[in-house]
Amino acid sequence: MTSKTIRLTMAQALVRYLCAQYTEVDGVRIPLFAGVFGIFGHGNVTCLSEALEQVQERLPTWRGQNEQSMALAAIGFAKAKLRRQIMVATTSVGPGATNMVTAAGVAHANRLPVLLISGDTYMNRLPDPVLQQVEHFGNPATTVNDSFKPVCRYWDRITHPAQILSSLPQAIATMLDPADCGPAFIGLPQDTQELAYDYPEAFFAERTWTIPRPRASRDQLDAAVALLKTARKPLIISGGGVRYSGAGEVLAAFAEARGIPMAETIAGKGAVTHDHPAYVGALGIEGTDAAMNLALDADVVLAIGTRLQDFTTGSWTTFSPDARFISINAARHDAHKHQSLPVVGDALETLHELNSALDRWACDPARMAQAQSLYADWNAALDEGQAATNAPVPSYAQVIAVVNKAARPEDTMVTAAGGLPGETVKNWRVKAPNTFDCEFGFSCMGYEIAGAWGHAMAKTEGDTQTGVPIVMVGDGSYMLMNSDIYSSVLSGHKMIVVVCDNGGFGVINRLQTGMGVPGFNNLLKDSRVLNRDNPLHVDFVKHAESMGALARHCDSLSDLEAAMDWALGTNRTTVLSINSDAWTWTDGGADWYVGVPEVNDRESIRKAREKQEAFRSKQRQGV
């Protein structure tokens, strides 16, 4: 019996296959691929765009302004959807493709699914060298798309139309695997896109994908139970994997019932609300003093769904040398870090099994009492730092407090690089689960506004948008990438952007001067300019208005409070700007391992080096 076939071009078949893929979210069957961000050029406009145009009502294509930013928007969408629904980003050959490499790094570091599709040069090489082709003299098969290999979990170049039959299912399986999750890249040579092939009709049958929940080995689970039962001063570290597994509520109940204080990573922030009785704030360099003090005397650390980045571990100084780690993680690589007792499995399922195996065990109530006392002290310090003063320029903490107070439970705070990650992680009080997105796995300047566009899309059903992404962005990141203000106005997805203007790269200036180097090339006042007495100041209000947004500058915290009320009621993206202090930062958290010159004539640098050496002496050496 001969199987039925459908004759399609490779590009048409790829698009038809994507349209046939589904997933299930909260019991509702929905398309796995929610849409495409696209900028068309000669590498994808003649064939791939032809295929996408035919299905635009089922798989909508959204026009981006910048290849990197539209891929960042796809990443923000994936975060908002907790990795259960995926966006596609497509570009042309050459610079269009390489512009997405940074975004691929963001998705890879943060373990987030996004499908990246770029045009490629001709496999037959007849017209070589073509426009935007870089030529490798000794390796003609190399193109710029090879640059995606280090920052993608799955990479393929389709050199024959039949190859998508095996490649596309593997790409999707990778993106949905909690252990391997990350970006998938597909390169489409221009002459391969146009070729027709007789595809099996069964290839296009609708399929509903489920995200696997791997169970832990019984031996690993038993060992973890035995170790945890020895703990007198345990501590939980809740990472991003807890949120993506949907384990936040279960972990919070587990922590409270077992009497174990619960800290979090930056990626994990938002699994529980700020006022949960077991919660003690973020841990590490941008964390709370409460979490740090609890980590310093912890004897057993239960790390769940975290890759234990240096900002979480204080560059591995925030723990006793004798502390033992239990690491629950779907990824074997992460579970085995720092000689942890590994428990390789899904966070939600493993927590259920761990809770059952612990039977009646609970920590001494004194541990939770200690945690709650420390956290109360931390909140009192926050209240003091956030209180309005008569200072001519408000601090980040004061600005964040005003925005946080105005935000509704359904609104999501979005930020990324610069000083705002540390300040929001410390000062933002989460009102509802999964309403906080700080991209700090790759610390990508420019993610803020682009990522918020993706969040706004994720919050939109039909013509109704539930909740608004509230972007907290510094003037430096704003200047790097802001064109998705226009994208969001064009597409009708609203966000509120709060620009904190501190006159340059304030947090890097803090690191530079803190390590003994005079301020240099970070703040505008320390940069090489033609007129040092009057450096050009950007009018963020006029700039935002020129892209169709509503905008207002705020001269004070009371102005900002009124402006937030106004912004929440507007009908499109709204930008608020306010000057902020580049020198006032919220106290708390651990130190950081950074490079300081070993030899220098400047006394300030010699002292900074001495402090670094003393700090490094406290590092755990991988045991």
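**View 1. Strand 18 and its parallel partners.** In this predicted model, strand 18 and strand 19 (residues 436-438) run parallel and are joined by 3 bridges. Look for Thr 415 here: its bridge partner in strand 19 is Cys 438. Strand 18 also pairs with strand 22 (residues 469-474), again in the parallel sense and over 3 bridges. On that side, Val 414 has Val 471 of strand 22 as its bridge partner. To get from strand to strand, follow helix 17 (residues 420-427), which makes a right-handed β-α-β unit with strand 18 and strand 19.

**View 2. Two covered faces on strand 18.** Side chains in a regular strand alternate between the two faces of the sheet. For strand 18 (residues 412-415), both faces are covered. Thr 412 and Val 414 are buried on one side, and Met 413 and Thr 415 are buried on the other.

**View 3. An open parallel sheet.** Here 6 strands line up in the order 5-4-6-7-9-8, with parallel pairing, as an open sheet. Strand 5 (61-63) and strand 8 (154-157) sit at the edges; each has a single partner strand, so one side of each lacks a neighbour in the sheet. From one strand to the next, the twist averages 20 degrees. Further in, strand 6 (residues 86-91) runs parallel to strand 7 (residues 115-120), and 4 bridges join them. Within that pair, Thr 90 is opposite Ile 117 of strand 7.

**View 4. Helix 18 over the sheet.** Helix 18 (residues 447-458) lies across strand 4 (33-38), strand 5 and strand 6. Its angle to strand 5 is about 145 degrees.

**View 5. Two nonpolar cores.** The largest nonpolar core has 56 residues, and Leu 228 and Phe 254 have the most contacts inside it. Apart from that core lies another, of 52 residues, including Met 87, Tyr 447, Trp 453 and Tyr 478. Back at Phe 254, and skipping neighbours within four places in sequence, the contacts are Leu 228, Ile 236, Ile 260, Leu 302, Leu 351, Leu 354, Asn 355 and Leu 358.

**View 6. Cysteines without a bond.** A disulfide is a covalent bond between the sulfur atoms of two cysteines. With a cut-off of 2.5 Å between sulfurs, the count comes to 0 disulfides. For Cys 47, the nearest cysteine sulfur is that of Cys 19, 17 Å away. Cys 47 is buried, at a relative accessible area of 15%. Why does Cys 554 have no bond to Cys 500? The sulfur of Cys 554 is 10 Å from that of Cys 500, the closest cysteine sulfur, and that is too far for a bond. Cys 554 is buried too, with a relative accessible area of 2%.

Methods
Residues numbered from 1 in each chain as written. Predicted model: local features only at pLDDT ≥ 70, side-chain atom pairs only at ≥ 80, totals over all residues. Heavy atoms only, no water. Buried < 20%, exposed > 50% of the residue type's maximum accessible area, 1.4 Å probe, protein only. Core = buried A, V, L, I, M, F, W, Y, C linked by side-chain atoms within 4.5 Å. Contact = heavy atoms within 4.5 Å. Pairing = 2+ DSSP bridges. Right-handed = clockwise from strand over helix to strand, strands pointing away. Axes fitted to C-alpha atoms, helices over the stretch in contact; angles between N-to-C directions.
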